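Here is a short briefing for a first look at this structure. Keep the sequence and the model side by side as you read.

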Amino acid sequence: MKRQSTLGVREFPSLTPFRASPVAHDPHDVLRLALSENPLGASPKAMAAARAAVEQAHWYPHSDGEPLRGELAAHYGLPGHKVIVGNGVDEIILLAALATSGQSRPTVITANTFAGYAASLETAGHAVTTVPLATSAGVDLDAVCEAASRAACVVVCNPHNPTGTVLTADQVQTLVEACADAGALLILDEAYAEFADATRFGSGLPHLHRPGVVVLRTFSKAYGLAGLRCGYALGDEDLIAAMTAIRTALPYNTNRVALAAAAAALADQDHLRTVVDECTAARQALTSGLAHLGVPTLPSQTNFVLARLGDGADDAGSVIARLADRHGIHIRDMTGLGLPGWARISVPRTRDVPLLTTSLRCALAAPDASV
């Protein structure tokens with residue numbers, strides 16, 4: 001018989017466990033391409049700020065995320081009460097889920113995307129409706145808008161993880177209006193926005209003057225601060241206020257080093273442009289190299305490429321394992337996100353693309369082929 005807890009711990013029998021990738025940093029790795037990290041690293045100014053902040057590690061950070069919160073507000077032309085800073089976008093998503101719990105209508109997400117959405121929403125007690133991707137593997141805008149008519153909240157990743165596809169400005173406008181008509185909150189996770197071509201990608205930023213629109217962004221990707229965990233939300237003041245009230249349970253949720261480094265990174269837009277330019281060139285070289293190998297990819301506007309390595313999970317899993325075991329190159333198997341046969345490959349530096357494609361050619365060959 002199952003022993004009954006005496007601690008009053010809430011159980012979630014239907015909750016699908018969310019586990020981050022087990023790939024950890026190993027100095028013997030040749031290329032680490034499983035977690036959509038920035039191989040160029042953070043701005044030198046951000047690293048200098050981080051080192052200076054370590055010298056003040058005996059002091060608590062500001063509980064509201066200052067000075068970063070105010071600098072983000074100025075950067076985006078928003079009042080401070082429409083900005084909240086958190087311990088990565090992961091915490092921001094959880095805070096938003098807690099702040100919007102108790103709704104009678106469901107929350108809508110897309111299928112085959114970041115598992116943290118469902119994990120946070122279900123933990124907070126949301127009923128989650130999942131909308132399949134379009135046959136092109138992008139967000140099915142019509143289906144999401146239709147589902148929004150019955151929803152309390154809609155969460156869309158744009159650019160989409162892991163497909164790398166984007167919604168255009170007109171499509172975002174359509175989505176914003178559909179959610180407004182339904183009275184549904186719209187949360188746009190734009191973690192990869194800095195990498196996207198502005199002529200193709202539609203951001204939620206121009207819509208932040210409207211109630212019910214929230215944009216999430218991070219310093220983990222283009223800004224190269226993944227290890228320090230710093231993300232933020234912009235927009236709907238009622239939601240930000242509710243999230244801020246919940247965050248008082250974690251009064252120092254974003255550490256002093258992360259706040260200092262992120263503020264310095266935000267100020268160094270020249271370094272950001274260097275990162276984006278390098279990523280764009282490397283992504284083009286990578287997709288060209290994969291095409292030469294006969295590996296299909298989806299058109300990406302991010303710092304990763306979704307590539308089809310086989311007809312199913314076993315085929316792709318074998319290739320991914322050989323690439324790691326024989327070549328020290330780690331890429332991400334997408335079977336866990338419902339995309340068997342596909343792998344998400346972080347964009348390396350341009351100079352490393354030939355090594356990746358040569359190693360992948362060997363891994364795609366017969367298991368007993370010479371390497």
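A residue counts as buried when its relative accessible area is under 20%, and as exposed when that value is over 50%. Thr163 has 1% relative accessibility, so Thr163 is buried. The model is a predicted one. The points below cover a loop, then a sheet, then two helices that pack on strands.

**Thr163 in its loop**

- Thr163 sits in the loop that links strand 5 (153-157) to helix 6 (169-182).
- Which side chains make polar contacts with the side chain of Thr163? One is the side chain of His160, at 3.1 Å. Another is the side chain of Thr165, at 2.8 Å.
- Beyond four places in sequence, Thr163 touches Leu133, Ala137, Leu298, Pro299, Phe304 and Leu306.

**Gly164, the next residue to look at**

- Gly164 also belongs to the loop between strand 5 and helix 6.
- Is Gly164 buried or exposed? Its relative accessibility is 0%, so Gly164 counts as buried.
- With neighbours up to four places away set aside, Gly164 contacts Pro299, Ser300, Gln301, Thr302 and Phe304.
- Gly164 and Asn303 are 139 residues apart along the chain, yet 8.2 Å separates their C-alpha atoms.
- Pro299 and Phe304 are among the contacts of Thr163, and both also appear among those of Gly164.

**The sheet**

- Seven strands form an open sheet: 7 strands in the order 2-8-7-6-5-3-4. The pairing is mixed.
- Strand 2 (83-86) and strand 4 (128-131) are the edge strands. Each has a single partner strand, so one side of each has no neighbour in the sheet.
- From one strand to the next, the twist averages 20°.
- Strand 5, which precedes the loop of Thr163, stands between strand 6 and strand 3 in the sheet order.

**The strand 2 edge**

- How do strand 2 and strand 8 (residues 231-235) pair? They are antiparallel, over 4 bridges.
- Within this region, Val85 stands opposite Tyr232 of strand 8.

**Helices on the strands**

- Helix 3 (residues 88-99) packs on the sheet. Helix 3 touches strand 2, strand 6 (185-189), strand 7 and strand 8. Its direction is at about 120° to that of strand 2.
- Helix 2 (residues 68-76) lies across strand 2, strand 7 (213-218) and strand 8. Helix 2 runs at about 135° to strand 2.
- Strand 2, strand 7 and strand 8 are thus listed for helix 2, and they are listed for helix 3 as well.

How values were computed. Residues numbered from 1 in each chain as written. Predicted model: local features only at pLDDT ≥ 70, side-chain atom pairs only at ≥ 80, totals over all residues. Heavy atoms only, no water. Helix = DSSP H or I, 4+ residues; strand = E, 2+ residues; numbered from the N terminus. Buried < 20%, exposed > 50% of the residue type's maximum accessible area, 1.4 Å probe, protein only. Polar contact = N/O pair within 3.5 Å; in protein donor to acceptor, adjacent residues only side chain to side chain. Contact = heavy atoms within 4.5 Å. Pairing = 2+ DSSP bridges. Axes fitted to C-alpha atoms, helices over the stretch in contact; angles between N-to-C directions.
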